[in-house]
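Here is a colleague's note to read alongside the structure, written as numbered points. Please keep the view open while you go through them, and look up each residue as it comes.

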Amino acid sequence: MHKRFLHWYLSRDSVPYWYVLAADCLIVVAGGLIAYAANHGAIAMVANFGSLVTTLAIYLLCFFAGFKALHTYSGIIRHTTTADLIRVTAALGIGVSAIMLVRLLLHTDLYLLPIKLADLMLLTLIAAVGMCGLRVMAKEIYDMYLRDRAPGGAYGFESDALLDLELTDLLPREPINVDTAAIAGAMRGRRLMVTGAAGSIGSELSRMLASYGPAELILIDQAETPLHDLSLTLKREHPEVSARCIITSICHSHRMDSIMEQYRPEIIFHAAAYKHVPMMEDNAVESVLNNVDGTRKLATLAVKHGVRKFIMISTDKAVNPTNVMGCSKRICEIFCQSLSGTPQGGNTQFITTRFGNVLGSNGSVIPLFRDQIRRGGPVTVTHPDIIRYFMLIPEACSLVLEAAMLGRGGEIFCFDMGKPVRIADLAERMISLSGRRGVKIEFSGLRPGEKLFEELLTDEETVLPTRHPKIKIAKVRHTDVHQAKAAVEELIATAKTYDVPAVLRLMHEMVPEYHTPGSQPQGKVLKAPKTRRQLAAAF
């Protein structure tokens, strides 16, 4: 019983919105009855009960218009915020105004029970208290249950259940939906390759693609144990799918050439990369040799073997990069984009997808904060004002697949990830979920290459729309293919000499907007934009 209740209450769809709507309608009607009784007496309310209920039921349409206009049912009731309560109250105000307008224009008092303005105002007050109280009560019961009833608070659960709990609670918004049927139709019966298949994004992509019935799934990674785990998972969940798990590096061009000659992939999802920002600051050459050279070799082989689509997974850190990792990914974007639609790119469509941090991925703050809380703290946050865009792993992978269908070559797709999250707020929420008292937050200072905010270029002046509301096409400068190839080859040749200052200088030349603490590219230092219009200033 305990587990069933937990599963029901923690699931994202635990209370369908129409249940809450029905409860709100009952509260409004009850508020109307109470208001009429208060102003006219209980005897008058009982005498006119039938007419009064009919009138209130009809006027509910006006309140419903207010609810619809302010999207009071777009969130999850257990995640109610102050803004949600304000919207509910404002929606009731819209409803009362609509009722007064209807009474004036349609003369409804002639065939409905006349309700005075004083009745409506008291109704609104009672309904606001009732509706807001319902939401606050649901939220408090949820939090109290986690803190006091579950052993050890949220941190008494097993890791898998805990991860679902945290991700759902820390990203309280409606899930992002894609056209699954269309994606399945596009992937079914095709030979698909995923690089970095053992990683957080790569493994989820692999599982999704396996569910669409591909002719063959070629999974590339150099991490033995995670790839073995993925292999076992696919055999258990999709035994009918031919999944080839191959341990190698994308930088081994002869091996990759042989693999592509043997399996002839039609679509490549390129998720392999070194991604940890502080680590790449200390290993700039390896970032270039893996991210840039690996992408160059893989893209070149894709053209050679007639791959239909090449989807590169990039990052928001490639926008106005302040670190080696972000700059290396921006160079990968430049190289792939320059190939598309040229003789050097053949018939391969090169598509780039760009998104921010993924909650629950390897190396993300969620596992780190969780472990720190379990040890009693402190929870370390780099800066009190640092913010990040977040997305769930399945959401990110679904949008990658949707972008793969939308792309025709040369696009850089950026995803609308909603509002950024303040990391300190995220840490506070996790501490609250844990039920642990006295866990402190300490600010350790920004790490090398880290910036306070990330940019996705979502301003309407810097993106073009697509048919999917969450996917935009970034308008960025295009680099000539010959210039891009020559610059990349020079960068890689220099990287092989392990001359770090020379490598960084070439990276600055290729990506003028790349700036590090103490550097001033093009004579200016970028600061956090005050408006979205300023995001494109150096791009």
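1. Phe 310 has a relative accessible area of 0% and is therefore buried, and Phe 350, at 1%, is buried as well. Please keep in mind, here and in every point below, that the model is a predicted one.

2. How many aromatic pairs does a search of the whole structure find? The search finds 1, and the pair is formed by Phe 310 and Phe 350, whose ring centres lie 5.2 Å apart with an angle of 50° between the planes, an arrangement described as tilted. Phe 310 belongs to strand 5 (residues 309-315) and Phe 350 to strand 6 (residues 349-355), so the pair ties together parts of the chain that are 40 residues apart in sequence.

3. The structure holds 18 salt bridges. In general, side chains of opposite charge can pair when their charged atoms come close. One of the salt bridges joins Glu 333 and Arg 354, with 2.6 Å from N to O. This pair links distant parts of the chain, since Glu 333 sits in helix 14 and Arg 354 in strand 6, 21 residues apart. Are these two side chains buried or exposed? Glu 333 is buried, with a relative accessible area of 0%, and Arg 354 is buried with a value of 0% too.

4. Helix 14 also contributes Arg 330, whose side chain meets that of Glu 513 in a salt bridge of 3.9 Å, N to O. Arg 330 lies in helix 14 (residues 324-339) and Glu 513 in the segment after helix 19 (500-510), so this pair ties together parts that are 183 residues apart in sequence. Arg 330 is buried at 0% relative accessible area, and Glu 513, at 4%, counts as buried because the limit for that word is under 20%. Taking these residues together, Arg 330, Glu 333, Arg 354, Arg 477 and Glu 513 are linked in a network of salt bridges.

5. A further salt bridge is found between Glu 266 and Arg 190, where the closest N and O atoms are 2.9 Å apart. Glu 266 is in the loop between helix 11 (253-263) and strand 4, whereas Arg 190 is in the loop between helix 8 and strand 1, and the two are 76 residues apart. With a relative accessible area of 17%, Glu 266 is buried, while Arg 190, at 23%, is partly exposed; the words differ because buried means under 20%.

6. Helix 8 (residues 180-187) deserves its own look, and its buried residues are Ile 183, Ala 184 and Met 187. Because these residues cover an arc of only 100° around the axis, they are on the same side of helix 8. Their cover includes strand 1 (191-195), helix 9 (200-211), strand 4 (267-270) and helix 16 (393-406). After helix 8 comes Gly 189, which has a positive phi, near 80°.

7. Finally, please turn to the surface, where Leu 101, Leu 104, Leu 105, Leu 106, Leu 110 and Tyr 111 form a nonpolar patch with about 740 Å² of accessible area together. Where is Tyr 111 placed? Tyr 111 is in the loop between helix 5 (82-106) and helix 6 (117-149), and with 56% relative accessibility this residue counts as exposed.

Technical notes:
Residues are numbered from 1 along each chain as its sequence is written. This is a predicted model: local features need pLDDT of at least 70, side-chain atom pairs count only at pLDDT 80 or more; totals for chains, interfaces and linings use all residues. Side-chain values use heavy atoms; hydrogens and water are left out. Patches are made of residues with over 30% relative accessible area and no salt bridge: like charges are joined within 9 Å, nonpolar side chains (Val, Leu, Ile, Met, Phe, Trp, Tyr) within 5 Å. Accessible areas come from the Shrake-Rupley method with a 1.4 Å probe; for residues, only the protein chains shown count as cover. A salt bridge is a side-chain nitrogen of Lys or Arg within 4 Å of a carboxyl oxygen of Asp or Glu. Helices (H or I, at least four residues) and strands (E, at least two) are DSSP runs, numbered from the N terminus. Buried means under 20% relative accessible area, exposed over 50%, partly exposed in between (1.4 Å probe, protein chains only). The arc is that of the directions from the helix axis to the C-beta atoms. Contact means heavy atoms within 4.5 Å. Rings of Phe, Tyr and Trp (its six-membered ring) pair if their centres lie within 6.5 Å; planes under 30 degrees apart count as stacked, over 60 as edge-to-face and the rest as tilted.
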